[in-house]
4 protein chains.
Amino acid sequence: MGVLSILRESGIFGCMETGSFASEARHLGKAARTRAKLMDAAVGVFARDGFEAASVNEIARAADVVNGTFYLHFKDKDDIAAAVAYRIATDVTRQLDAAMADIGDAIERTSTATRRFIEFMSARRDWGLALFRAVWFFRDLRGDVVNHLRADLERGRKQGAFTVEIDNFLIDTFASMTMSALFARLNGNVGADAGSRVAELQLRMLGVPAKRAKAAAWKKLPVLEIAVGNEAKKAGR
Amino acid sequence: MGVLSILRESGIFGCMETGSFASEARHLGKAARTRAKLMDAAVGVFARDGFEAASVNEIARAADVVNGTFYLHFKDKDDIAAAVAYRIATDVTRQLDAAMADIGDAIERTSTATRRFIEFMSARRDWGLALFRAVWFFRDLRGDVVNHLRADLERGRKQGAFTVEIDNFLIDTFASMTMSALFARLNGNVGADAGSRVAELQLRMLGVPAKRAKAAAWKKLPVLEIAVGNEAKKAGR
Amino acid sequence: MGVLSILRESGIFGCMETGSFASEARHLGKAARTRAKLMDAAVGVFARDGFEAASVNEIARAADVVNGTFYLHFKDKDDIAAAVAYRIATDVTRQLDAAMADIGDAIERTSTATRRFIEFMSARRDWGLALFRAVWFFRDLRGDVVNHLRADLERGRKQGAFTVEIDNFLIDTFASMTMSALFARLNGNVGADAGSRVAELQLRMLGVPAKRAKAAAWKKLPVLEIAVGNEAKKAGR
Amino acid sequence: MGVLSILRESGIFGCMETGSFASEARHLGKAARTRAKLMDAAVGVFARDGFEAASVNEIARAADVVNGTFYLHFKDKDDIAAAVAYRIATDVTRQLDAAMADIGDAIERTSTATRRFIEFMSARRDWGLALFRAVWFFRDLRGDVVNHLRADLERGRKQGAFTVEIDNFLIDTFASMTMSALFARLNGNVGADAGSRVAELQLRMLGVPAKRAKAAAWKKLPVLEIAVGNEAKKAGR
DNA sequence: AATGAATGAGGCTTCATTCAT
DNA sequence: AATGAATGAAGCCTCATTCAT
């Protein structure tokens with residue numbers, strides 16, 4: 001079974017009408033469902049208005065509960081933002097892990113991480129935009145993701161594939177390139193190849209020869225094959 | 001006269017007590033002086049509190065005028081932000097132009113632009129932080145600066161120094177790397193070599209051979225030489 | 001049996017962990033026990049936060065039941081306050097009655113009532129503080145206690161011991177002196193002799209000669225003697 | 001000229017329609033007038049609802065300004081309460097001082113202070129009720145008044161007129177008697193002789209012989225003579 | 001030009017109370 | 001009997017904006 005089918009089964013690339021959190025909480029208690037509704041609403045409002053401009057009232061309204069209900073579930077705006085950030089970080093990390101479980105080569109891993117991250121976050125438009133509008137409050141998201149990234153970069157360094165020093169500065173630079181590409185993608189300033197484009201640039205920056213960089217960054221990801229294929233569907237479920 | 005001396009005479013690297021805008025407006029009418037005071041105050045407040053959290057009252061208080069006076073000069077917070085952004089963009093552009101007036105080589109120009117920009121914005125800590133805290137409202141700042149950048153990148157492409165396609169996506173990526181380095185610098189996460197470090201990475205990304213990239217990015221900038229000596233003026237370039 | 005042993009057996013001077021009301025309701029139905037738990041909690045919260053600042057939610061939390069349960073037992077905060085006040089008034093009256101059953105002399109009765117009241121309410125710190133923090137809502141408490149007081153004062157008047165007119169104004173004044181002493185005691189502004197001190201002042205005010213007033217107010221109360229001795233039991237009644 | 005005529009001329013016993021603070025601020029700036037209006041309104045609301053139940057919104061409404069205006073003049077409810085308490089304390093102290101300037105005998109001073117205080121506070125019904133409903137927040141009021149009281153009591157002790165020890169406990173008891181009488185007066189439970197009645201009781205308590213106590217407490221205060229007489233006006237000064 | 005008092009909308013938060021389970 | 005989620009009114013406070021002086 002291919003990578004994307006995993007994603008698919010997890011419901012992540014499914015329809016978003018009811019909100020990702022809410023649909024996961026469908027079978028939980030009432031409180032959990034309301035909490036999830038609020039979190040979905042918060043993501044939406046953060047995405048639309050940005051974190052600062054978002055108001056608790058607005059989040060509650062978007063979640064279709066009265067404002068008082070909000071405080072039954074969260075202490076304040078920071079609280080729900082932290083909850084959302086944590087959930088997104090967890091989800092992203094889990095998905096990337098799954099998507100890259102069987103890739104050993106550092107060059108492949110590095111470019112795949114960038115491409116999958118952008119793919120994933122643009123599929124969940126609200127998440128991506130919320131990230132975009134509230135970067136500073138989604139700081140936590142960085143932790144895990146960055147740790148994985150660092151590991152891959154260091155592996156590449158040891159394998160001799162990358163010729164730059166791996167430190168926080170490099171990682172920040174690398175990450176900001178990915179973010180910039182994601183934002184361009186979300187804003188419609190670039191097509192579906194945003195991931196490949198930026199991945200290629202990143203590899204070049206790291207010291208990968210141009211040719212190899214292009215090959216790795218544009219290599220078809222198993223995903224696509226599975227997405228269209230027939231036997232995939234069988235395998236799908 | 002050398003590059004830095006231009007910067008110096010412009011008062012930019014001097015002390016900031018009275019605020020950059022106010023000191024420039026010293027000889028203008030009272031209205032212009034108040035307007036400048038407000039703009040300086042706004043930069044400071046944006047830098048300290050971020051754009052969203054900044055309040056008109058706070059800006060007025062920081063400018064030492066009553067709140068009502070604000071509205072004599074600006075329509076609202078967005079208005080003053082735009083004015084500030086425009087002035088900063090103009091200043092930055094002018095300074096970079098001056099600093100790079102006599103550099104012909106695209107590789108040199110590109111890396112110098114990045115390094116000077118970071119140098120300049122970290123010297124004017126408030127400007128940098130305001131940019132940092134209010135990126136979205138300083139969007140306009142991009143316009144001019146980006147145009148110059150595009151010109152240099154295309155020149156490099158034509159000269160055969162750069163081997164990537166120059167389009168908006170590349171420019172965004174390039175700019176986000178510079179920004180990321182500036183922010184790291186302002187936050188104290190990296191030393192004074194932030195400019196060189198990121199410039200080297202940018203050149204590698206653009207296709208400049210590692211050795212050449214390192215040489216260009218870390219080359220001593222004429223600045224210092226020019227600042228002290230007389231013959232430096234000759235040596236300047 | 002002596003006076004204090006009555007107090008002791010009633011559990012009043014014992015430890016307060018479970019709350020006075022709750023421990024009395026130990027053998028009643030579940031509803032009664034919950035009601036008692038709520039009343040104990042209410043006293044505690046009134047004592048800590050004052051009546052106005054106390055919230056139904058807080059009382060319920062302190063009683064370890066959910067907020068909805070409160071309304072099964074009381075209409076609102078006033079309702080539970082009234083219930084608490086009634087119970088406290090009843091208890092106090094009962095205890096004072098018991099403690100003074102065998103005292104005939106009006107001077108003795110008057111000073112003993114004041115001293116016992118202060119002793120009793122400072123032993124039950126929560127009750128005293130609740131009284132202190134919610135005087136206006138414990139108005140009802142006055143009724144019974146005041147009636148007894150009036151009887152003693154009038155008796156003293158008839159016996160010729162007191163030389164002032166006994167009316168509501170005098171009783172209010174007398175009561176406010178006792179209260180003031182209790183509050184000073186609860187606040188730690190005066191020691192265990194608060195009762196004797198104020199009783200002496202009250203007797204002087206009523207017209208009792210200074211010497212006699214001092215003697216009556218500072219006379220050792222039977223309590224202690226009775227509490228330990230055996231013959232005390234005889235003396236008891 | 002007699003004491004009361006001073007009070008009268010000061011406008012204090014005059015009509016209260018516009019509020020004591022506001023009428024004093026009539027000739028000050030707009031801000032001061034609004035501030036005074038708010039303080040008058042606050043006294044009224046405290047008197048009606050008590051301090052805890054009073055809301056900033058309600059005070060603003062009573063002062064006929066919008067709620068936002070409140071915060072232009074006071075930080076919060078505590079702030080205005082402190083301002084009001086300070087003003088009342090100052091006024092009361094000043095009036096009592098004036099009313100007792102020429103009394104030397106401690107017995108006279110003590111009973112006059114009590115009687116004047118009650119007279120003064122019941123004339124300013126709102127002040128008295130506010131004191132009544134918000135004792136804890138008018139703590140500051142005690143400071144000055146109590147210091148004067150202490151001085152008079154100690155003077156009496158030294159003169160041999162009082163035979164009790166003068167300490168905080170006694171002063172608290174004494175003050176609570178005065179308060180109790182004031183409250184009875186405000187509630188209509190006692191007539192205009194409340195001051196004399198309680199003053200007599202206080203003197204007895206302090207050790208003044210019954211006869212002397214009665215004489216001092218019920219002695220006509222110059223006020224009354226002046227209020228009615230003609231020659232008083234001459235004598236006034 | 002500037003002042004600064006006033007406005008009123010809107011955000012945050014708590015809490016008494018109800019109601020379906 | 002008890003639960004606990006939800007409600008919505010009401011209180012607190014800030015702030016952009018206006019306006020008379």
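This report walks through the DNA contacts, one helix and some salt bridges of a predicted model.

Residues are numbered from 1 along each chain as its sequence is written, while chains are lettered from A and ligands numbered from 1 in the order in which they are written. Because the model is predicted, local features need pLDDT of at least 70, side-chain atom pairs count only at pLDDT 80 or more, totals for chains, interfaces and linings use all residues, and side-chain values use heavy atoms, with hydrogens and water left out.

**Around DNA strand E**

Let's start with the DNA. Strand E is surrounded by 36 residues (near means a heavy atom within 4 Å), and the closest are V56(A), T34(B), V56(C), Y71(C) and T34(D). Sorted by class, that surface has 13 nonpolar, 18 polar and 5 charged residues; here Ala, Val, Leu, Ile, Met, Phe, Trp, Tyr, Cys and Pro count as nonpolar, Asp, Glu, Lys and Arg as charged, and the others, Gly among them, as polar. Of the strand E atoms within 4 Å of the protein, 64% belong to sugar or phosphate and the rest to bases.

Two side chains reach phosphate oxygens of strand E with an N or O atom: T34(B) at 2.5 Å and H73(D) at 2.8 Å. N67(C) has a polar side-chain atom 3.2 Å from a base oxygen of the strand.

**Helix α4 of chain D**

Helices here are DSSP runs (H or I, at least four residues). In α4(D), residues 56-63, the buried ones are V56(D), I59(D), A60(D) and A63(D) (buried is under 20% relative accessible area, exposed over 50%, partly exposed in between; 1.4 Å probe, protein chains only). They sit on the same side of the helix, because they cover an arc of only 100° around the axis, taken from the directions from the helix axis to the C-beta atoms. Their cover includes α3, α5 and α6 of chain D. Just past the helix, D64(D) has a positive phi of about 65°.

**Salt bridges**

Across all chains there are 48 salt bridges (a side-chain nitrogen of Lys or Arg within 4 Å of a carboxyl oxygen of Asp or Glu). Here are three of them.

| Pair | N to O distance |
|---|---|
| D167(B) and R197(A) | 2.5 Å |
| R87(C) and E24(C) | 3.0 Å |
| R116(C) and E119(C) | 2.9 Å |

D167(B), at 18% relative accessibility, counts as buried, and R197(A) is buried too at 17%. Over in chain C, R116(C) and E119(C) both lie in helix α7, 3 residues apart, about one turn of the helix. R116(C) is buried at 3%, whereas E119(C) is partly exposed at 31%.

Terms used:
A polar contact is a pair of N or O atoms within 3.5 Å; within protein, one must be able to donate a hydrogen and the other to accept it, and residues adjacent in sequence count only if both atoms are side-chain atoms. Helices (H or I, at least four residues) and strands (E, at least two) are DSSP runs, numbered from the N terminus. Contact means heavy atoms within 4.5 Å.
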